[in-house]
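Student: Could we go through this model together? I would like to start with the overall fold and then turn to the charged residues.

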Amino acid sequence: MGKTLSVVIFLSLLASPLFSQEKMRLAVLDLESKGVSKVIASSVSDLLRTEMVDTGQFTVVERSQMNTILREHELQQTGCTDNACAVQVGKLLSAKKILIGEVNQMGAGVIITARVVDVEKGTADFASSERAGNLNDIDRATKMLA
């Protein structure tokens, strides 16, 4: 019985990497600010990065790593809101997917829009938006969007 148990444990340890799925590498660019301060847009971007990590589905490229790579190629991550730019930046960052979007002031509220672009295909795989009734509600809206 002990030998059988040892064999089962050994085989399960060997097989576990076969069943574990590698997390997708995702870059979250700074969201463009439209009618809100760059500080708010940057904060929303950071919240989105954190929320995407917390899903457990992605390996998220760190902001400092993105900044270093983009600086080397004389690019900025802000203002990159179209698919062509996202693909170019995503390839430099070795990301499979890249999240781009905007933070828009709408009356007293804020609307956060985001698109996930497939770096290889150049197509948007996902697009969504979430409304925050006011600045105090941005954290909730960001969590819902992620």
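Tutor: The discussion below moves from the fold to the salt bridges and then to a buried acid.

Tutor: This is a predicted model, in which local features need pLDDT of at least 70, side-chain atom pairs count only at pLDDT 80 or more, and totals for chains, interfaces and linings use all residues. Residues are numbered from 1 along each chain as its sequence is written, and side-chain values use heavy atoms, with hydrogens and water left out.

Student: How many helices and strands does the protein chain have?

Tutor: There are 5 helices and 6 strands, where helices (H or I, at least four residues) and strands (E, at least two) are DSSP runs numbered from the N terminus. Their order from the N terminus is α-β-β-α-β-α-α-β-β-β-α.

Student: Which residues touch the most other members of the largest nonpolar core?

Tutor: They are Leu26, Val28, Leu31, Leu99, Val103, Val110 and Ile112, in a core of 20 residues. A nonpolar core is a set of buried Ala, Val, Leu, Ile, Met, Phe, Trp, Tyr and Cys residues joined through side-chain atoms within 4.5 Å; buried means under 20% relative accessible area, exposed over 50%, and partly exposed in between (1.4 Å probe, protein chains only).

Student: And how many salt bridges are there?

Tutor: The structure holds 8, a salt bridge being a side-chain nitrogen of Lys or Arg within 4 Å of a carboxyl oxygen of Asp or Glu. One of them pairs Asp30 with Arg63, with the closest N and O atoms 2.9 Å apart. Asp30 lies in the loop between β1 and β2 (32-34) and Arg63 in helix α3 (residues 63-72), so this pair ties together parts 33 residues apart in sequence.

Student: Are those two buried or partly exposed?

Tutor: Asp30 counts as buried at 10% relative accessibility, while Arg63 is partly exposed at 23%. Arg63 also forms a salt bridge with Asp46, at 2.6 Å between the closest N and O atoms. A network of salt bridges links Asp30, Asp46, Arg49 and Arg63.

Student: New topic: where is Glu102 found?

Tutor: Glu102 is in strand β4 (residues 97-106).

Student: What is the nearest side chain of opposite charge to Glu102?

Tutor: That is Arg115, 4.0 Å away; Glu102 is buried yet has no salt bridge. For charge, Lys and Arg count as positive and Asp and Glu as negative, with His and the chain ends not counted.
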